[in-house]
Amino acid sequence: MEIISNEDQFECLKSMQSTIKKLEKAYAQMNQKGANTTLVKKRLDACKIGLAMLENVWNEVPHSHSHTELAGARKVLLALTPSVESSYAKSKAGSPQRTLLERRLKALDLVDEAIKDQDSHGK
């Protein structure tokens, strides 16, 4: 995995945590309304696995996710990336929203890299 500054690591971890909180809130609201929560739940679970992978790589926090779980999370997060890229393209330069989306994209990219590295090392 590429070398990432401590500041960028912190921002990526914070971005993933923020995304998880946002998805948890959406999941709870949708659940209350009786809406279909399948997609939100898949994204939430994938983001939690992604956060665990970044914490594993940077802070050596152990994780217990199987190869199948990692592959599934990677697939969900890769499918999420185009919508984040689209929002980023529409966002105003220098805006807080653009900064948030930029950090989210960086975090998603690094999660993908971490999962691929995990797979190539057979852990």
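Modeller: A salt bridge is a side-chain nitrogen of Lys or Arg within 4 Å of a carboxyl oxygen of Asp or Glu. This is a predicted model, where local features need pLDDT of at least 70 and side-chain atom pairs pLDDT 80 or more, while totals for chains, interfaces and linings use all residues. Residues count from 1 along each chain, and side-chain values use heavy atoms, without hydrogens or water.

Biologist: Happy to start there! How many salt bridges does the structure hold?

Modeller: Side chains of opposite charge can pair when their charged atoms come close. One such pair here is Asp45 with Lys41. The total for the structure is six.

Biologist: Which helix holds both Asp45 and Lys41?

Modeller: Their closest N and O atoms are 3.0 Å apart. Asp45 is partly exposed at 32% relative accessibility, and Lys41 at 33% (partly exposed lies between buried, under 20%, and exposed, over 50%, with a 1.4 Å probe and protein chains only). The two sit four residues apart, about one turn, in a helix (a DSSP run of H or I, at least four residues, numbered from the N terminus), namely α2.

Biologist: How many residues apart in sequence are the parts that Glu11 and Arg103 tie together?

Modeller: Glu11 bridges to Arg103 with N and O atoms 3.1 Å apart. Glu11 is in helix α1 and Arg103 in helix α4, so the pair joins parts whose separation in sequence is 92 residues.

Biologist: And is Asp112, the partner of Arg74, buried or exposed?

Modeller: Asp112 and Arg74 meet at 2.3 Å, N to O. Arg74 is partly exposed at 27%. Asp112, with a relative accessible area of 11%, is buried.
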